[in-house]
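User: Hello! I am new to this structure and would like a close look at one part of it, the salt bridges and the strands around them. Could you walk me through that part and then show me how it sits in the whole?

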Amino acid sequence: MEEEDLAPQMVDQRGLPETPDGGNEGWFAFGMESEAIIGDPEEIVAIIEAFGVVKLGEMKIHDHIVRKAFDGNSMLTVGCEKGEELDWASYWTDHLDKIRLNSSKSAAEAGWNEIITVEAHVMRIKRGAGPPGTGILQPVLVRWQHGKTPISVFGLPAVHAIINYKWERWAKKALLAEFILFLCWLGSYLTFLMSFRYEDLSSTCPHWREHIDSSELHDVGRLPTISLLCAVAFMSPFLIVELNTLYSYRLSWLTQFWNLIDMGTYALTLVALVVYLMSWGVCDVWFSILLGIQCILMVAKIQYFSRVFATSKGSFGDFLMVVIADVRWFLMFMFLTMIAFGMSFSIIYRHDKKLAEEDPQKFSLDPAFKNLWTSLVSMYCFMLGGFDVKLFYMGSNELVSVSFFLLFESVMAVMLLNLLIAIMTDSYSKVMEDEQLWILCSKAQIIDELETTLPKFITKRWNPSYVQILKVGPGKNVSLDSLWNRLDLAEGHLVGVTEEVLGKLQNFRVDALQKLQAISKAVDEFPH
């Protein structure tokens, strides 16, 4: 490679970190086996944080080569059987030289071209990127799932490097193949649902026998059976992955909410197959409800695939669980308030129920407060603004019912509901600060699930002894152009945030005015 493209700086920065007592001899030798680390689960995170990665040196390179090599990632990782003894400068020079030769010349000449400092690192834990049982990724996941480490553990250099290497090396392609398989599963199941609309489970004859014995069988009759069998076939690899993960994680597998949801999805698919083919006198209504639930769960599983991409803003399901955990007590208070008002309205209108039973022609009872269940549903609709004020003038206790309604709307719709929105917005903003860590966590989970399922003769090609790392170093020289660019970006971001806040305030103002007008209208219509 030409000297102006790469100018390695042989900076020796491989010294061992010092221990708290000021020494490092015997504390952590380079190339220490990963088995020795994962054997001490209480100290694994501290060891990885302190001794997981060591810096080898720096080199300078043109920015167009960095853009081509890194391809939008924060680091470049390759597997290697050599660790610290590797001639890192020659190794990375040859690796980047191939990328430079493959990149277009126009890309190098377009726009400003500057020299960027990149840093070479190596993971010091031998076989740390190994499969479950050998590598350090699964123990870190287990400790995070048990709540013993924060989400920031996936941002540790060694853990981040392992995730990046495996994801770019093979896991991204495997996930794409898995997603195509899931689309086939989803398409087959939706085909079954559309064709099932014309089926009748009241027949005692199994559908498979009916389809075989019928001499007047049409293609439409075969479609539900074939599509459901295809759905089960496409689902089988996912079920195998889940069972292998369950075997690997044991009881800790049950601590993950989405694992239980996935297992419920598989179980419902198998139940649908058995019930539909055998027609064992199952209630058609309940079977239809189960199919509807299954459809919702399968569409929700798309989050499993989208959570690893930055454009999806992480996993909606994971973020939702975190936000709900932050506001759970506030939600409980709102729910109890709804129950209290629902019971109050149910008791207030119980006299109207008696009058309607005695003289149904003269008195009529609105179903909104017929019993406690309908009262709770009505309270939920009232909270969201779905109400008819005429309802409160139809009862025998107009003054009390209108007073309770005004009190409920003031407390729930005007105060508590807007407070809930504000709290959830603040909680979501805090979660989004760790968006990249959540994406890394999702990638680690997918990698681990695939590694526990794929045969060892396949995964052994992706388990090097060491991982070599190349990342962009921090800028040391202040550029006036970069300062102006940062100022423009900051100004644009500030304008965007200001417009967003003003829009939310305007929406809140309009919503509050509408609700106040509705309450004012209800008060004006009340007979004096």
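**A buried network and its strands**

Analyst: Let's start with Glu-58, which has a relative accessible area of 10% and is therefore buried. Please keep in mind that this is a predicted model.

The side chain of Glu-58 meets that of Lys-55 in a salt bridge, with N and O 2.8 Å apart. Lys-55 has a relative accessible area of 18%; the cut-off for buried is under 20%, so Lys-55 counts as buried too. Lys-55 also forms a salt bridge with Glu-119, and here the closest N and O atoms are 3.4 Å apart. Because Glu-119 belongs to strand β4 and Lys-55 to strand β2 (residues 53-62), this pair ties together parts that lie 64 residues apart in sequence. Glu-119 is buried, as is Lys-55. Put together, Lys-55, Glu-58 and Glu-119 are linked in a network of salt bridges.

From Glu-119 we can follow the chain into the strands. Strand β4 covers residues 115-123, and 5 bridges join it to β5, with the two running antiparallel. To find one of these places in the viewer, look at His-121, whose bridge partner in β5 is Ile-469. Strand β5 itself spans residues 466-472 and is mostly covered, with 5 of its 7 residues buried.

Strand β5 has another partner in β3 (residues 75-80): these two pair in the antiparallel sense over 6 bridges. Two places help you trace this pairing. Met-75 stands opposite Lys-471 in β5, and Cys-80 stands opposite Tyr-466. Strand β3 is largely enclosed by the rest of the structure, because 5 of its 6 residues are buried.

Now let's step back from the strands. The structure holds 6 salt bridges, and one of them joins the side chains of Lys-301 and Asp-262, at 3.5 Å from N to O. Lys-301 sits in the loop between α11 and α12 (302-306), while Asp-262 is in helix α10 (residues 257-278), so this pair links distant parts of the chain, 39 residues apart. Both of these residues are buried.

The surface offers a contrast. Val-271, Val-285, Trp-286, Ile-289, Leu-290 and Ile-293 make a nonpolar surface patch of about 550 Å². Helix α11 (residues 284-300) gives the largest share of this patch, with 5 residues. One residue of that helix is Leu-290, which counts as partly exposed because its relative accessibility is 34%.

Here is the wider setting. The protein chain contains 19 helices and 5 strands, and 41% of its 528 residues are buried. Of the contacts with a separation of 6 or more, 84% are between residues 24 or more positions apart. The chain exposes about 29400 Å², with carbon and sulfur atoms supplying 63% of that area.

Finally, a word on confidence. The chain averages a pLDDT of 75, and 73% of the residues score at least 70. Among its elements, helix α7 (residues 157-196) has the highest mean pLDDT, 90, and strand β1 (residues 6-9) the lowest, 45. Over residues 1-28 the pLDDT is below 50, and in the model this stretch has 59 contacts beyond near neighbours in sequence. Residues 204-220 also have a pLDDT below 50, with 20 such contacts.

Conventions:
Residues numbered from 1 in each chain as written. Predicted model: local features only at pLDDT ≥ 70, side-chain atom pairs only at ≥ 80, totals over all residues. Heavy atoms only, no water. Patch = residues over 30% accessible without salt bridge, like charges linked within 9 Å, V, L, I, M, F, W, Y side chains within 5 Å. Areas by Shrake-Rupley, 256 points an atom, 1.4 Å probe, with all protein chains shown as cover. Salt bridge = Lys/Arg side-chain N within 4 Å of Asp/Glu carboxyl O. Helix = DSSP H or I, 4+ residues; strand = E, 2+ residues; numbered from the N terminus. Buried < 20%, exposed > 50% of the residue type's maximum accessible area, 1.4 Å probe, protein only. Pairing = 2+ DSSP bridges. pLDDT = per-residue confidence, 0-100. Contact = heavy atoms within 4.5 Å.
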